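Open the model in your viewer and keep the sequence panel beside it. The stops below each begin with something to select.

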Amino acid sequence: MTNTPLPTGEEKTRQVRAMFDAIAGRYEMVNKLMTLGLDARWRRRAVADLRLPEHSLVLDVAAGTGDFTRELERQAQRAIATDLSYGMLHAGRQLPRRVQADASSMPFATGGFDGLTCGYALRNFTDLAATFDEMARVLRPGGRLSLLEVAEPEKGPLRTGFRIWFRRVVPFIGSLVSDRAAYHYLPRSTAYLPSSEEIVAMLNASGFSAVNHRRVMGGLSQQFIATRSL
Ligand SMILES: C[S@@+](CC[C@H](N)C(=O)[O-])C[C@H]1O[C@@H](n2cnc3c(N)ncnc32)[C@H](O)[C@@H]1O
């Protein structure tokens, strides 16, 4: 995938699924190296920001190997993991409830969930607007949404350092310990990501209110929090 145009439509879905199936076994290890373990703290906060009572039913969309799902369980929620890639779900440890599905068309009842999380997957979706519509459909009115996504610091040395890290070091480390094509695709995939303002507008259009965007740790990551409109 390195120098070819980024795929779209069904071809994107096919390539993304094949890529995650291929890197599943080492995904968590590379992820920890890439984020220097900081993502654990970001996930803790993102789950707490759902502000749901204990034992709420929460869907972790594009759950991958389940980092967010396990954090939900740690915070006493009942979590269900869903992902496009069987390989990622299979590699996940301690995932009692897992369902393979495309996030734009999920086999869950309308309004059945109290909360929804999604970590670092928005740029991988083939149809982001349809996926936000589907997230709104499966949440009950008043249900809560918390999304994490990659970001880039706006200026200064942190931005320069981040660019070197994300565009050079991460693909290098990924090539050494996992799949070269996948970790060269990773920085390129941010081209799919709309601006934070556009994402907020899309969430509003899909039926969410009180949509809030916040930059995490100087913009190393970003979080969207919202409530399913009544
Ligand atoms: C970067 S990983 C993130 C995994 C996990 N959420 C985390 O925070 O570590 C992106 C995940 O999105 C999943 N994914 C990509 N496209 C998807 C789709 N259309 N429907 C559901 N999952 C999808 C991939 O299979 C992969 O597991």
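A polar contact here is a pair of N or O atoms within 3.5 Å. The model is a predicted one.

**Stop 1: the ligand**

Select the ligand and look for its polar partners. Gly 119 places a backbone N or O atom 2.9 Å from a ligand nitrogen, a separation that counts as a polar contact because the cut-off is 3.5 Å. Ala 103 also uses the backbone: one of its N or O atoms is 2.8 Å from a nitrogen atom of the ligand. At Asp 102 the side chain is involved, with an N or O atom 3.1 Å from a ligand nitrogen. The ligand exposes 600 Å² when taken alone, and the protein buries 98% of that.

Now show the residues around the ligand. There are 20 of them, and those that come nearest are Arg 43, Ala 62, Asp 83, Ala 103 and Gly 119.

**Stop 2: Val 61 and the nonpolar core**

Select Val 61 next. Beyond its neighbours within four places in sequence, Val 61 is in contact with Gly 119 and Ala 103, and also with Thr 82, Met 106, Leu 116, Thr 117, Cys 118, Phe 125 and Met 135. Val 61, Phe 125 and Met 135 have the most contacts inside the largest nonpolar core, a set of 57 residues. Helix H1 (residues 9-35) supplies the largest share of this core, eight residues. In soluble globular proteins, nonpolar side chains tend to be buried together.

**Stop 3: Val 30 in helix H1**

Stay with helix H1 and select Val 30, which is placed in it. Is Val 30 buried or exposed? Val 30 is buried, because its relative accessible area is 1% and the limit for buried is under 20%. Outside the residues up to four places away in sequence, Val 30 touches Val 177, Ser 178 and Tyr 183. Add Gly 174 to the selection: its C-alpha atom is 6.6 Å from that of Val 30, although the two residues are 144 apart along the chain.

**Stop 4: strands S1 and S2, then Ser 85**

Select strand S1 (residues 57-61) together with S2. The two strands run parallel and are joined by five bridges. Val 58 has Ala 79 in S2 as its bridge partner. Five of the six residues of S2 are buried.

Follow the chain from strand S2 (78-83) into the loop that leads to helix H4 (86-91), where Ser 85 lies. Ser 85 is buried, with a relative accessible area of 2%. Its side chain reaches the backbone nitrogen of Gly 87 at 3.3 Å. A polar atom of the Ser 85 side chain is also 2.9 Å from the backbone nitrogen of Met 88. Apart from neighbours within four places in sequence, Ser 85 is in contact with Arg 17, Phe 20, Asp 21 and Gln 100.

**Stop 5: strand S7 and its partners**

Finish with strand S7 (residues 221-228), in which seven of eight residues are buried. Which strands should be shown beside S7? Strand S5 (residues 139-150) pairs with S7 in the antiparallel sense over seven bridges, and Leu 148 stands opposite Gln 223 in S7. Strand S6 (residues 208-216) also pairs with S7 in the antiparallel sense, over seven bridges; here Arg 215 stands opposite Gln 222 in S7. Select the turn last: the hairpin of S6 and S7 has four residues between the strands, and Met 217 takes a positive phi near 50° there.

Methods. Residues numbered from 1 in each chain as written. Predicted model: local features only at pLDDT ≥ 70, side-chain atom pairs only at ≥ 80, totals over all residues. Heavy atoms only, no water. Core = buried A, V, L, I, M, F, W, Y, C linked by side-chain atoms within 4.5 Å. Buried < 20%, exposed > 50% of the residue type's maximum accessible area, 1.4 Å probe, protein only. Contact = heavy atoms within 4.5 Å. Near = heavy atom within 4 Å. Polar contact = N/O pair within 3.5 Å; in protein donor to acceptor, adjacent residues only side chain to side chain. Areas by Shrake-Rupley, 256 points an atom, 1.4 Å probe, with all protein chains shown as cover. Pairing = 2+ DSSP bridges.
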